[in-house]
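Subject: Structure handover

Hi there,

Here is the structure I promised to pass on. Please have it open while you read the notes underneath.

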Amino acid sequence: MSIAQRLKEAWETHDPAQVAALYAEDGVREEFLINHAVLTGREEITQHVGGYMHAVPDCALDIRRVVEGADGTITLEWTWGGTHSGEIPGLPARGQSVSLQGTTIYDMDGDLIARENLYCDFAIMLASAGLLGG
């Protein structure tokens, strides 16, 4: 099964440990969002992903495109979203549907993610939740 399918299925379990299990023990998830985050190891990744799942408990990941590079990297274009019903610091729950589009580049270590660089414009999700004027 491809990493894209495994990621989709892991997010659909709504169990952050299932997502983190797709990373190498010392895997790195680096997010270039509104707050830059560098998470190292399954425990940190579990905690961080758990925050997203708390905020959007019905979250789903839709993979729109997969590109495999000659150097072994895998790039995914995706949409992630659901209903923002859980509180997170600085982002009050409003019961709104949210949607976040992004691109992620993966360096693999066999079947596990060694490094993930995640890029997206978080302002799009804030606007979809009615938190930005426009």
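Below are my notes, going from the first helix to the strands and their contacts.

A word on the source: this is a predicted model, in which local features need pLDDT of at least 70 and side-chain atom pairs count only at pLDDT 80 or more, while totals for chains, interfaces and linings use all residues. Residues are numbered from 1 along each chain as its sequence is written, and side-chain values use heavy atoms, with hydrogens and water left out.

**Helix α1**

Helices (H or I, at least four residues) and strands (E, at least two) are DSSP runs, numbered from the N terminus. Helix α1 covers residues 3-12, and its buried residues are I3, A4, R6, L7, A10 and W11. These buried residues sit on the same side of α1, because they cover an arc of only 165 degrees around the axis (the arc is that of the directions from the helix axis to the C-beta atoms). As for the wording, buried means under 20% relative accessible area, exposed over 50%, and partly exposed in between, with a 1.4 Å probe and protein chains only.

The helix also carries a salt bridge, in which the side chains of K8 and E12 meet at 2.8 Å, N to O. A salt bridge here is a side-chain nitrogen of Lys or Arg within 4 Å of a carboxyl oxygen of Asp or Glu. K8 and E12 are 4 residues apart in α1, so about one helical turn separates them. K8 is partly exposed at 23% relative accessible area, and E12 is partly exposed at 38%. After α1 comes H14, which has a positive phi, near 60 degrees.

**More salt bridges**

The structure holds 6 salt bridges. One of them joins the side chains of E31 and R29 (2.8 Å, N to O), and both of these residues are buried. R29 and E31 also belong to a network of salt bridges with E116. In another, the side chains of E77 and R64 meet at 2.9 Å, N to O. E77 lies in strand β4 (residues 74-84) and R64 in strand β3 (residues 60-68), so this pair ties together parts that are 13 residues apart in sequence.

What about E30? It lies in strand β1 (residues 23-32) and counts as buried, at 11% relative accessibility. Leaving aside neighbours within four places in sequence, E30 is in contact (heavy atoms within 4.5 Å) with H36, A37, V38, R115, E116, N117 and L118.

**Aromatic rings and a nonpolar patch**

A search of the whole structure finds 3 aromatic pairs. Rings of Phe, Tyr and Trp (its six-membered ring) pair if their centres lie within 6.5 Å; planes under 30 degrees apart count as stacked, over 60 as edge-to-face and the rest as tilted. F32 and Y119 are stacked, because their ring centres are 4.8 Å apart and their planes are at 5 degrees. F32 is in strand β1 and Y119 in strand β6 (residues 112-120), so the pair ties together parts 87 residues apart in sequence. Ring pairs also link W11, Y52 and W80 into a cluster.

F32 and Y119 appear again with I105, as the three make a nonpolar surface patch of about 230 Å². Patches are made of residues with over 30% relative accessible area and no salt bridge; like charges are joined within 9 Å, and nonpolar side chains (Val, Leu, Ile, Met, Phe, Trp, Tyr) within 5 Å. Accessible areas come from the Shrake-Rupley method with a 1.4 Å probe, and for residues only the protein chains shown count as cover. I105 lies in strand β5 (residues 96-109) and is partly exposed at 34% relative accessibility.

Best wishes
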